Amino acid sequence: MRKKFISLQLITGCYIAFAHGSNDVANAIGPLCAALKVMGVSGTDAGIPIWVLLMGGLGMVIGMATWGYKVVQTIGSKITQLTPTRGFSAQFATATVVLLHSYSSLPISTTHTLVGSVIGVGLAGGIAAVDLRVIWKIISSWVATVPIAALTSALIFVGLEVIFL
């Protein structure tokens, strides 16, 4: 039975890669497309220029190649013990949720969704099956991200105003 789920994980791995690309490239290039449209760059009314899509995909590849391994390591081995059955369940749930949100044009984080799925399969084995310290660190970093991003963007804006105005 276990070997069947290992094989099925190859399929859900492809499914999650497709869902991840359909969602996160759009999330990454959305602000750029909006800026291009405001600036009057042609091609943004009829569709998204190919070079913008390529930039979004390249950005995902660079991010995964440089820091992504840490995220993969944390999700795959530090939250809970993943068996082939649990891994399949988490992957299938994540890909389905992300794809449905992509289809309905609601931007969500694939990583957040996967973390939730892994926590869910861990909790199915009881609260002792998950490392609450790791979950607390993840949630704390998510909460800290919003004010840090707000402060950073405000500082950049003020700096640009000083330089250009």
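**Exercise 1. Is Phe92 buried, partly exposed or exposed, and at what relative accessibility?**

Solution. The model is a predicted one.
Step 1. Take the value: the relative accessibility of Phe92 is 41%.
Step 2. Apply the cut-offs: buried means under 20%, exposed means over 50%, and partly exposed lies in between.
Step 3. Phe92 therefore counts as partly exposed.
Step 4. Repeat this for Phe88, whose relative accessible area is 19%, so Phe88 is buried.

**Exercise 2. Describe the overall make-up of the protein.**

Solution.
Step 1. Go through the secondary structure: there are five helices and zero strands. Along the sequence this reads α-α-α-α-α.
Step 2. Take the extent along the principal axes: the C-alpha atoms fill a box of roughly 65 × 35 × 30 Å.
Step 3. Turn to burial: 24% of the 165 residues count as buried.
Step 4. Turn to the surface: the protein exposes about 11,000 Å², and carbon and sulfur atoms supply 74% of that area.
Step 5. Turn to contacts: among those between residues at least 6 apart in sequence, 72% join residues at least 24 apart.

**Exercise 3. Find the aromatic pairs and classify those that involve Phe88.**

Solution.
Step 1. Search the whole structure, which yields three aromatic pairs.
Step 2. Take Phe5 and Phe88. Their ring centres are 5.4 Å apart and their planes stand at 65°, so this pair is edge-to-face; the cut-off for that class is over 60 degrees.
Step 3. Place this pair in the chain. Phe5 belongs to helix α1 (residues 2–39) and Phe88 to helix α3 (residues 84–103), so that the pair links distant parts of the chain, 83 residues apart. Both Phe5 and Phe88 are buried.
Step 4. Take Phe88 and Phe92. Here the ring centres are 5.8 Å apart and the planes are at 20°, so the pair is stacked; stacked requires planes under 30 degrees apart.
Step 5. Place this second pair. Phe88 and Phe92 both lie in helix α3, four residues apart, which is about one turn of the helix.
Step 6. Join the pairs up: ring pairs link Phe5, Tyr15, Phe88 and Phe92 into a cluster.

**Exercise 4. Where does helix α2 bend, and which of its residues are buried?**

Solution.
Step 1. Locate the helix: α2 covers residues 50–78.
Step 2. Follow its axis: α2 bends by about 70° at Trp67.
Step 3. List the buried residues of α2: Val52, Gly56, Gly68 and Ile75.
Step 4. Look at what covers these buried residues: the cover includes α1 and α4 (110–123).

**Exercise 5. Which residues form a nonpolar patch on the surface?**

Solution.
Step 1. Name the members: Ile156, Leu160, Ile163, Phe164 and Leu165.
Step 2. Take their accessible area together, which is about 620 Å².
Step 3. Examine one of them, Phe164, which lies in helix α5 (residues 132–164).
Step 4. Classify Phe164: its relative accessible area is 63%, so Phe164 is exposed.

**Exercise 6. What is the phi of Ser105, and where does this residue lie?**

Solution.
Step 1. Take the backbone angle: Ser105 has a positive phi of about 65°, although this residue is not a glycine.
Step 2. Place the residue: Ser105 sits in the loop between α3 and α4.
Step 3. Classify its exposure: with a relative accessible area of 61%, Ser105 is exposed.

Key: Residues numbered from 1 in each chain as written. Predicted model: local features only at pLDDT ≥ 70, side-chain atom pairs only at ≥ 80, totals over all residues. Heavy atoms only, no water. Phe/Tyr/Trp six-rings, centres within 6.5 Å; stacked < 30°, edge-to-face > 60°. Helix = DSSP H or I, 4+ residues; strand = E, 2+ residues; numbered from the N terminus. Buried < 20%, exposed > 50% of the residue type's maximum accessible area, 1.4 Å probe, protein only. Bend = angle between axes of the 7 residues up to and from the residue. Contact = heavy atoms within 4.5 Å. Patch = residues over 30% accessible without salt bridge, like charges linked within 9 Å, V, L, I, M, F, W, Y side chains within 5 Å. Areas by Shrake-Rupley, 256 points an atom, 1.4 Å probe, with all protein chains shown as cover. Salt bridge = Lys/Arg side-chain N within 4 Å of Asp/Glu carboxyl O.
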